[in-house]
Structure formats: C-alpha cells, structure tokens
Amino acid sequence: MRVFLGLCGLAAAFAPTLSVAGEWDVGGEVAGELRYFPNDPLYPGQFEHFQPSISFQPDIRWESDDRKHQVVLIPYARIDAQDDERTHIDLREGYYRYNADGGWSLTVGAVKVFWGRTESRHLVDIINQTDAVEDIDEEDKLGQPMANLTLINDWGTVDLYVMSGFRTRTFPGVDGRPRFALPVDTDAEIINRDWGRGAVDVAARYSHYIGNWDFGVSIFHGTSREPRFAIDGANQRIRPVYNTITQGGVDLQYTQDAWLWKLEAIVREGHGDTFAAAVGGFEYTLYQIFGSNADLGLLAEYQYDGRDEDFVLESFGPAFAAPVTFADNDVFAGARLGLNDTQDTSLLAGATVDTNDAFIGMFVEAQRRFGQNWTAELEARLFLNADPDNAAYPIRDDDFITLRVTRFF
Amino acid sequence: MLNMRLPFRSAASALGIFVLASAPAFADDPAARGDTPEAQKGYDVSARSDRTDTGFGDSRVDARMVLTNRAGQQTVREFSFQTLEKEDESVGDKSLVVFDSPRDVEGTALLSHAKILDPDDQWLYLPALKRVKRISSKNKSGAFVGSEFAFEDFTISELNKFTYSYVGEEDVDGMVMDVVERFPRYENSGYTKQKSWVDQEIFQVRKVEFYDRKGALLKTLVLSDYRDYDGVWRAHSLKMVNAQNGKETELVYSEFSFRNGLDGNDFEQGVLTRLR
C-alpha cells in the first residue's frame, strides 16, 4: 500500500510535465483490402482466388514545446482471411529522438530509414527488413531497432547507425500466394553469425547536394536482410539463410529542367564472390499536358546485377553464392500520371523486361482521395512470359489485382 | 512498386509570398529597375512595399487553405510553414512546408531554396516511405495542391524576379493606391503580366491581377487582414478567384511567430526525416 501511494505521489509529481507540456498528435489508418488471383493456384494448400484482409496502423506522436524531444509510436497489424503468415503484427516505428541545438539528433528505438534515388529497384536501401508478406514490391518494411546519430551540417548530413535485434523477412505461408513451390518456413531461419538475432550491425551514410547534384555514400556491415534459400526436402519447406555481408553503396541524382537522372550502385562482399550491382535511368515530366493541370512523368531504368545466384542451396553454412534476384539484366519503363486535382488522383504503370529471357513483370497502380479522410487504391501485378529458368517461374500463375480502401483518422 | 505520388509537386519559395520579404541589403538591381521613368517608379513603389517587411530573421506560421469549386463544394488543406530570411536581394528565402491535412498526406514536406532567376532547389519528403526526393522546379505555373494558387504566386514579392511599369494612382475603398504592372523575368511563367495595387499608407499589396499567356485576365488575388508585428506587416487572408473557371481558394494564416532562432541547418535536406 505504501509502495502504491508512493508511486501515485511520483506519478502526480510528473503528471503536470507529462500531460501539459508538448503537443500530442494521435491518428492512424484502417484499411480494408481484397486481392483477386484470376488463375488457379499451382501448389497444394494455396487458397484459390479471393484474399480479403484488414489492416490497422495507429500513429501516436508527442513533441515537446521546444521541439527537442520527440516520441513516435506506430504499431501495425494485419488480419488476413486466407494466409496465417500474412496475419501479423509489427512495430513499424517506436522511438525517442533528441534534437540538439547545433544540428545533431539522436534516435533510439524501432525506426524506418530509406536510402536511395531510383524507382524500379532500391539497391542501396538496406537498413530495414522487407515485410514481404504485405506485397512483392519490397516497399513495406519492418521497424529496425537501433541507435541513430544524425549530424546536419552545411557540408552535408552524416548518419551513423548501430543496430541489433535482427528482423527476419516475412513470407506467405503454405496457404499463401504468391509463393515458391515449397513454402518458406519463417520459424526455421538460419543466421550464420554468433549471437544470431542479437548480433550487432553497423552502418553509416553521408549525403549532400552541390548545385544540381544530389548524392549519398553509404556502408553497411552486418546480417544481410536478403536471405538465401535452402531447400529442406525432408520437411517439404524452404529455410531462409542469413549471412554476414559488407555492402558499400553510392546514390546519385542530377536534376535539370524537367529531367531527373538517377543512379544507384553497390558492391557486396559475403555472398560468394564479391559482386557489383547497379540501377540507373531517368524520369522526365511533361507539365500541364493538353492545357490541363495534369502532369505526365516518363521513366526508364536499366538494372544490372553481377551476382552468382544459387537456386538450390545444399549447405546452411557460409555462402558460396548470392540470393536469387529478379533484377539481373532488366529494363524498366513506366509512366506516372498525376491529375493534380483536389482528390490527388494518380495513375502509375510500368513493366520490367528481362533482356535474357523476355520475362515481363507489369504493374498498374491507381489512387484517389474521397472526401477528406478516405482513399481508394486499385493495383494490378502481372507476370508474363516466365521461362522455367527465370526466378519468377514459380509465381507465373500468381497475377493479382488488389482493391484497397483506407480510412484515415 | 514505385511510389511516386507527388501530391505537392514543385512549389516555390512558397507560400512565402506574402510572408517573404526582401533584403536587409537594399541594393537596387539595375536590370530589374529598368531605365524609363515608368519602369523605375514602378520598381521603386514595389521596392518600398517589399522592404517594409524585412528584418524578420525567420518566421513560423500555421496556414489553412479552403478550396471552393464552382458548385460551392469545399475541401481543406492545412499546413505549417517556416521561412528563413535571405541574406540579400540577390538570393531567395529558404522555406519549409509541412502538411497536416488531408490526413493521407500528413507529414509530407516540401523544402525550397529560392533563387531569383535560376530555378529553385526543391526537395520533397514522402513520410510513408521515409524518402527524400529532389524534384524539378520547372513547373512554375502548375497548381499548388489542386488550388487556384500557382507555385510562382508564392514568390510575387521577390522584387528582382520582375520588371515594372508604373500605371498611376487609383482610389479604392477610400484608400489611395499606386497601381503597378510587373512582368516576369524568370522562365516558365504562366503569366505575361501582373497588375498590383499598393496602398500609400503602409505600403502593402492589396490586390493583384494575373494575366495569362494570351493576355486575358486569369485570376484576382485580394490580400487583407494586415497585421503589424513590430513594423513587419503580414496579410492573414489571401483570396484567389479564378476568372476563367469560377473556382476560388482562400489562404488564411494564423498568428506569425518571428525570430525563432532558426538557422541554415534547419533548412538542409537532412532535416526532412526528423520533422516529426
């Protein structure tokens, strides 16, 4: 009882500062989603055509009056009617940040970080694990526990990261689509490092701009976010294998008139022979087309990847080759139409063609706001012309359409 | 696959418009001032108006934009806006716009380093992806977030972006106004001409007419609710009516906060990821 009263006294002592000072912002979003797969599934256990789900993402923020202290909490949950693996929760962001006078800040907690310039592939971006069960575009990310020191100067921004609490990639389950012939067992991961998930990763990035040039240079050492796949035939499953890698990256953009020229390149050590990969291209925008307010952006990028891929992994030990990639010698072309109306209506379409075997991955994404607080999105993803040798062959019948309606609070 | 939805394309040194002022160093730009008596008088009237608003250092303000279509339906945009005053009239202000609503674009930010005749440097921050993207600022005449304000409308008080011609005096609502025409010197403007009314008491711009590339009246802007912050004047209501499509947009500012101790580091692209 005395302890309880003591705690109450303590709470009362702190309550005024906690409740009065600073500014709270509580919001979030709830989305209903329906996916439709027109083709019959290829593998036993997979659901047939329709995949309904709902997702929740509260967004709670607090900032002190002097803006020096920030607390952010963004949990995430999806409940999927078809795939148990897609029913999942995450802490997308959950951190405390101190912004000091003089341009430095320190962030501690679960954070999302993006590095990069290009559109069709995010090569340099390496801090966060992909939440691959959400979508196949690798743009949904899991929160990464870290301490991040940011130094902002007139000669550029330096970010230093120390991370632990490795996050394994999510994958569709036995029921799920799209997937490989065997499901990835996300509970059977192999992390080839002492301390496993507790191992420490480090990274640094410097970014700045000079005139029309924007650039970044980055380095990462730690557990690869990208797994290799070991086929465990006895248990009819794939085990993801995570190795230690060191990756250096550069990203560049040249902005001139309505042209954006972009390049990302990496060198990676630790996945078999050291290899390089790059993606580069342009985005050109036609403003106010046909005398309207609409803009049309045209995009093209080339994707190169020099890795040795291992399709069938026999050993769970050190990596003698690199994870499979779709983007080894591919050309991307796309277009973005923005109507610039009060509903922010936009349409994005593109295709990536593998110049080795003519595999084509296509997508269309349309989006519009309704009223002040609703948005609707319609997306289609198509896999055409998949040759048995192509990494996309197992998902050749997994074309799908997604309708998503989101309410914001 | 690629999220490139850019709800706020390039924007210029921003809503600054009327927030922004000119330089502590008052050196006339001969190319902007011209050499005829009408041009020079027009320049001098505009310069006096501009220079009454200088010396604020930096400013912070919340803004609310109400877009009304021809049928009378309204949509609302809310954002906060901060500005770092330029060092002199040969460069522009630095500004940062952060959106609060609609909620689906909350946290989207636009950082601008304004120039006088060269294209501005602009970065867009997309909070869902945590992505900072340098964007083209060519699109001067495009609509700002679907409103009747064009990006270039936010820089109309950058003195040296124009040449001038003095038209004469006019009585409006009991006030004697100087009427000045101005002509963009920068590229990609959607206007051939702007006509502005500047009062002779506190030297503030009260009305601007915008003429399109064909020379026809496109829009009329009325600035009102001027308030005095220790000698720095700011309009708090800016109403733009489009004469050709019947739509209108009203921009309303809250109380301004000046001299917040902001410096150049608060307007570097590295700051975009830690705004909130």
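Start with the hairpin in chain A of this predicted model: select E6(A) and E7(A), and you'll find just two residues joining them. E6(A) covers residues 144-153, and E7(A) covers residues 156-163. The two run antiparallel, with eight bridges between them.

Now add strand E5 of chain A, residues 104-111. E5(A) is also antiparallel to E6(A), and eight bridges hold this pair as well. Click on A:Asn148 to see both pairings from one spot: its bridge partner in E7(A) is A:Tyr161, and A:Thr107 has A:Asn148 as its partner in E6(A).

Stay on E6(A) and show its side chains. Which ones are buried, and which are not? The side chains alternate: A:Gln144, A:Met146, A:Asn148, A:Thr150 and A:Ile152 point to one face and are buried. On the other face sit A:Pro145, A:Ala147, A:Leu149, A:Leu151 and A:Asn153, which are not buried. Remember A:Ile152; you'll meet it again.

**Next stop: an open sheet in chain A**

Select E8, E12 and E11 of chain A. These three strands form an open sheet in that order, with mixed pairing. Why does one side of E8(A) and of E11(A) lack a neighbour in the sheet? Strand E8 (190-191) and strand E11 (228-232) of chain A are at the edges and have a single partner strand each, so one side of each stays free of a neighbour there.

Look at the two pairings in turn:

- E8(A) and E12(A) run parallel, over two bridges; here A:Ile191 is partnered by A:Tyr242 in E12(A).
- E11(A) and E12(A) run antiparallel, over five bridges. A:Ile231 is opposite A:Ile238, and A:Asp232 is partnered by A:Arg237.

In general, strands of a sheet pair through backbone hydrogen bonds, in either the parallel or the antiparallel sense.

Then zoom in on the hairpin of E11(A) and E12(A), which has four residues between the strands. A:Gln236 has a positive phi near 50 degrees here. E12(A) itself is mostly covered, with five of its six residues buried.

**Over to chain B**

Colour chain B by secondary structure: there are two helices and 14 strands. Of its 276 residues, 51% are buried. Among contacts in chain B with a separation of 6 or more, 56% link residues 24 or more positions apart.

Pick out helix H2 of chain B, residues 37-51. At 1.5 Å a residue, its 15 residues should span 21 Å, and the end C-alpha atoms are 20 Å apart, which agrees. Its buried residues include B:Ala39, B:Gly42, B:Tyr43 and B:Val45. What covers the buried residues of H2(B)? Helix H1 (30-33) and strands E7, E8, E9 and E10 of chain B are among the elements that do.

Now show the largest nonpolar core, with 33 residues. The members that touch the most others are B:Phe144, B:Tyr164, B:Val198 and B:Leu238. Several elements of chain B supply at least two residues each, including H2, E1 and E7. H2(B) gives the most, with four residues. Apart from this core is another, of 21 residues, and here A:Ile152 returns, along with B:Trp123, B:Leu126 and B:Phe267.

**Last stop: where the chains meet**

Finally, show both chains together. How many residues does each chain bring to the contact? Chain A brings 50 residues and chain B brings 34. On chain A's side, 11 are nonpolar, 24 polar and 15 charged.

Conventions: Residues are numbered from 1 along each chain as its sequence is written. Chains are lettered from A and ligands numbered from 1 in the order in which they are written. This is a predicted model: local features need pLDDT of at least 70, side-chain atom pairs count only at pLDDT 80 or more; totals for chains, interfaces and linings use all residues. Two residues are in contact if their C-beta atoms, placed from the backbone, lie within 7 Å. Ala, Val, Leu, Ile, Met, Phe, Trp, Tyr, Cys and Pro count as nonpolar, Asp, Glu, Lys and Arg as charged, and the others, Gly among them, as polar. A nonpolar core is a set of buried Ala, Val, Leu, Ile, Met, Phe, Trp, Tyr and Cys residues joined through C-beta atoms within 7 Å. A residue is buried if 20 or more other C-beta atoms lie within 10 Å of its own, exposed if 12 or fewer, and partly exposed in between; C-beta atoms are placed from the backbone. Two strands pair if DSSP finds at least two bridges between them. The expected span of a helix is 1.5 Å times one less than its number of residues.
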